[in-house]
Amino acid sequence: MPPQDPDDRVSALLAHADDNLVLAQRLGEWIASAPELEIDIALGNIALDHLGVARALYTHAGDLQGEGRGEDDLALGREERDYLNLLLVEQPNGDFARTMVRQLFFDAYQTPLWEDLSASDAPVLAGIAAKAAKETAYHLQYSSSWVIRLGDGTEESHRRAQDAVGALWRFTSELTEDDRASYRDEWERLVGAVLGEAKLEVPEDPYQRTGGRHGYHTEHLGYLLAEMQWMQRSYPEMKW
Amino acid sequence: MTYEVPVAPGESADIEETTGSEREGWPLWEVFVRARRGISHVHIGSLHAADPESALQNARDVYTRRGEGVSVWVVPSEQVYAFEPEAAADYVEANEKVYRLATAYDIPDEVGQM
């Protein structure tokens, strides 16, 4: 359920939009350099799904805000400190295993999220969530199958997948903290099933980093935004 | 491939360079899509994939993102047998046997459009 205070509702929409925009930007970095042409296309498709969700949410947030800010203003015209995305999605692509484990962790969070929000009594948000739920189901299938294939694959693919789980685990508690705590059971069930089949182990290190939802980011987001925002900042209000 | 390069006395400098063409890629699959119920699967193209599951997944991403089909088949390309192009004449030409062609028959006007 979205918070009822208009400012809170806008912040909640921006947070989900930022998640999807930043992950779309990361996935887009694979274009033309993925391990295989087919993966290149698949990652491009998934990136565009995330971008589509982000666009719809930014537009809706701008309408609610009522200050005449469009999707481009909100996506490209804010400072790093204003971005509310989860730390997980801004983490660098690393190798393909790292990208797929990041995707799995995020898909397993968005699965219960969209299911929940599609039952929202705010009709626009419910509509966006219902469409996103179908896309997320496919993303989860894709990331799960790859994590299993890599984890239960060769010695090298297992090592890389295990490294990825180890490196990204510290960003997972943030996915389901605060008002997202009710998604934890489903997240653990989805991720646990895949990691089990993939023969991958969860790190014992309890260290967790959070802060993204409050605008405190890892060192990686600034570089991503610099690249993403450069055109709009150099040529304000440019149109293609 | 090994290249001979000038080296200082006592040094060894064999450079091994692997080119993309020597890399073993994924096997090739042929993709067949049925556009709607009641008609046949039609060959739509090919793709690379490591196993049947990912071949179907790739087919979805590469060929059916715009609502093209209700059913998809993938077949390992090495399982497709074909005759040599030179043999085409023996296999596919009507060999002047006009009675094999529908156009060889006069259709009475009463029949109308066939």
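## A tour from the chain B sheet to the chain A contact

Start by selecting B:Leu28 and B:His48: B:Leu28 stands opposite B:His48, which belongs to β4(B). Before going further, note that this is a predicted model, in which local features need pLDDT of at least 70, side-chain atom pairs count only at pLDDT 80 or more, and totals for chains, interfaces and linings use all residues. Residues are numbered from 1 along each chain as its sequence is written, chains are lettered from A in the order in which they are written, and side-chain values use heavy atoms, with hydrogens and water left out.

**Stop 1: the sheet**

Now show β3 (residues 28-34) of chain B together with β4 (42-48) and β5 (71-76). Helices (H or I, at least four residues) and strands (E, at least two) are DSSP runs, numbered from the N terminus. These 3 strands make an open, antiparallel sheet in the order β4-β3-β5. Two strands pair if DSSP finds at least two bridges between them. Here 6 bridges link β3(B) to β4(B), and 6 bridges link β3(B) to β5(B).

Why do β4 and β5 of chain B each have one side without a neighbour in the sheet? They stand at the edges with a single partner strand each, so that side is left free of a neighbour in the sheet. On average, neighbouring strands are turned by 30° against each other, direction ignored.

Next, pick two pairs along β3(B) and β5(B). B:Phe32 stands opposite B:Trp73, and B:Trp29 has B:Pro76 as its bridge partner.

**Stop 2: the helix across the sheet**

Add α1 (52-63) of chain B. α1(B) lies across β3, β4 and β5 of chain B, at about 115° to β4(B). Axes are lines fitted to C-alpha atoms, for helices over the stretch in contact (heavy atoms within 4.5 Å), and angles run from 0 to 180 degrees between N-to-C directions.

**Stop 3: where chain B meets chain A**

Bring chain A into view. The contact takes 14 residues from each of chain B and chain A. About 1300 Å² is buried between them, 46% of it from carbon and sulfur atoms; buried area is the accessible area (1.4 Å probe) that two parts lose on being put together, summed over both. Select B:Trp26, B:Gln57 and B:Asp61, which supply 43% of the area that chain B buries against chain A, more than any other three residues.

Which salt bridge joins B:Asp51 to chain A? The side chain of B:Asp51 meets that of A:Arg149 (2.8 Å, N to O). A salt bridge is a side-chain nitrogen of Lys or Arg within 4 Å of a carboxyl oxygen of Asp or Glu, and this interface has 2. α1(B) gives the most to the side of chain B that touches chain A, with 7 residues.

**Stop 4: inside chain A**

Finish at A:Asp18 and A:Arg78, a salt bridge whose closest N and O atoms are 2.5 Å apart. A:Asp18 lies in helix α1 (residues 6-28) and A:Arg78 in the loop between α3 (71-76) and α4 (87-90) of chain A, so the pair ties together parts that are 60 residues apart in sequence.
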